[in-house]
Amino acid sequence: MSELNLAVNINAGATAARFAADKGAKVLLVDSAPEGHEGGNTRYSGQMVGTGTDYAALKNYHEHLAAPLKPDKGQFEALIKGMANMGDYFKQYLDVEPVSMKELLKGTPSTAYVTEYPELPDADSYDDYLVHSDTSDAALWKILRQKVLDRADKIDVWYNAPAKHLLQDGQSKIVIGAQIERDHKLRNIKANNGVVLAVGGFENNKEMIQCFLQASYLSPIGTLYNKGDGIKMLEEVNAQLWNMRSYESLGQFHGLSPRQSEGKRSTNALNVFWKESSRGSVIVVGEDGTRYFNEDEMNRHGHIYNHGDWAVPLNQNHPYMIFDQAKYDELKNEPDDGLKVPGYLEQAIKADSITELADKIAKDSAVLTNTIAEFNFMAQQGKDYAFHRDPATLRKFSADGPNYAVALRQNMLNTQGGGRRDEHCQVLDPDGQPIPHLYEAGELGSPFVNKYTTGGNVADCLISGKLAGESAAVVKNDAPAAGTDFSHAGVNPNFNSASDEDRSQYATDANQYLGYSNSGMGDGVVVRTTLNTAGKIQNVEILKQTESDDYGLKAVQELPQKMVKQNTYDVDAVSGASQTSKAIKDAVKDSLDKAHGKYQA
């Protein structure tokens, strides 16, 4: 049996593990994803962290975001306190100077993405911090991961190791460990002082989506490994669940993007500023072929205006974007200014008439024809009587055709539901009493109950991760009596329990040098460069990489050959894989620097 002070899961778990280790705990950090895909939704997020400097104003703003619902006082106030002190957190714990999104976007329409609810009191108190001036390179996750690696003497990491069950003492109800699947076997891992669940939500669990969100399927934007395991484990120990109906979205319109097959990430969802999709002779119809919202309104994390409030609309199973030839030509010829979203025209269904189009997309032709006629009338009148779309965006459909349809699907950013937790991130039972030794962090049971604003969940990961890790690391004196049986685990005493993050000792021969880089999109690149007797590059081997399988893999395959042929690390990057190319080039440069002057370019 393996015995540890703390068993934790990623991604707020990376933060929890780091702070638990700093309090003296020996930590096991496990992730259900394989290496290179670990890190939960933070890895794929825009890495904006909610913040502000005025505690009272932040609190008032977030109370109005929650209204008419009321968040729990303890956890809510801990979140707001952490946000108000996020600048110090960045400097003290992440070793970076925070970059203000407000300052970065000042004078641009994109500032609306920071202050999503400007009409609410004290909305101007809110900002988002970045670890640098980019939002799409997983830089925050790399910092969190490095903090774990820096504590390798106290933190072991297992990949491809999902937590399956919690282990609870039957009499005291103390959570004494977790059952982890490792090397295709279930391992019972004892935790002396606490278990932190930070396994994310249920974005990839169709049954839970149907049960809690009343939708058949939602396209995940982030990780594909959030499968609701935390909900199952919480139910096993009789934890109180909360915020199960709360979830966020992103995308075009009210959080839609071109329909993809199930099990794939919705890769076009993050661009919410593409306005051309909702101007002119274009509408979106729902299940029955009628319009159901204002297409021109920018969503607020999937929430749209609903009679005085903002709410995520009930998901449509088969929504379609409908447009005519004039709109098709506009979309085709639109310059790519970084806001344009690919995938729409490639998936367009073409028909010579509305009746034919209705047949092709399984809509009632009479209903769809009437919907277009009503829209044309309102465009001619210059007033959208149905949903109050901006008159400047209204244009009649051509009577001649052809017409087009693009199948859409509702996106899922993340769920908020999980175990109810207190201000120490300890999970509560149905009577509001703490479940001994069980803690929670991140999106599993986060305190966002209604409207949501950018950066909230990432801030909560940092704040609740720290609170949970430090709380769980406290030495407990209430352990159940000796003799608790772990023998049913079926553990092979000879199985390898070493950390997956132990740095391999890659072998080198004469004139071979290792190089490292952490500047790519994955978890780092390790290369081995061989020089010939004249000091020229003879071979470049990539010993480790976890870059993407598309353009990233192309760079992995092509760059080493270019470097040998041109006898330099400084070769042209592979188009579409600039980050991966940079990582490989930096790693090879690092290896050449270690050659101590033997290499001559």
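Where does Ala138 lie? Before I answer, colleagues, please note that what we have in front of us is a predicted model.

Ala138 sits in the loop that connects strand S5 (127-130) with helix H6 (139-149). Its backbone deserves attention: phi is positive, about 60 degrees, although the residue is not a glycine. As for its surroundings, Ala138 has 4% relative accessibility and therefore counts as buried, the cut-off being under 20%.

A second residue belongs in this part of the discussion. Asn238, also not a glycine, has a positive phi near 60 degrees. Asn238 is found in the loop between helix H8 (229-236) and strand S11 (241-242).

I turn now to the cis peptide bonds. One runs from Ala67 to Pro68, with omega near 5 degrees. The proline here, Pro68, is placed in the loop between helix H2 (55-66) and helix H3 (73-84). Another cis bond joins Gly401 and Pro402, and there omega is about 0 degrees. Pro402 lies in the loop that links helix H11 (365-381) to strand S19 (403-412).

Finally, let us consider Thr454. This residue is located in the loop between strand S23 (434-440) and helix H12 (456-473). Is Thr454 buried or exposed? Thr454 counts as buried, because its relative accessibility is 3%. Leaving aside residues up to four places away in sequence, Thr454 touches Met48, Gly50, Tyr113, Glu116, Tyr126, Asp128 and His301.

Thank you for your attention.

Notes:
Residues numbered from 1 in each chain as written. Predicted model: local features only at pLDDT ≥ 70, side-chain atom pairs only at ≥ 80, totals over all residues. Heavy atoms only, no water. Helix = DSSP H or I, 4+ residues; strand = E, 2+ residues; numbered from the N terminus. Buried < 20%, exposed > 50% of the residue type's maximum accessible area, 1.4 Å probe, protein only. Contact = heavy atoms within 4.5 Å.
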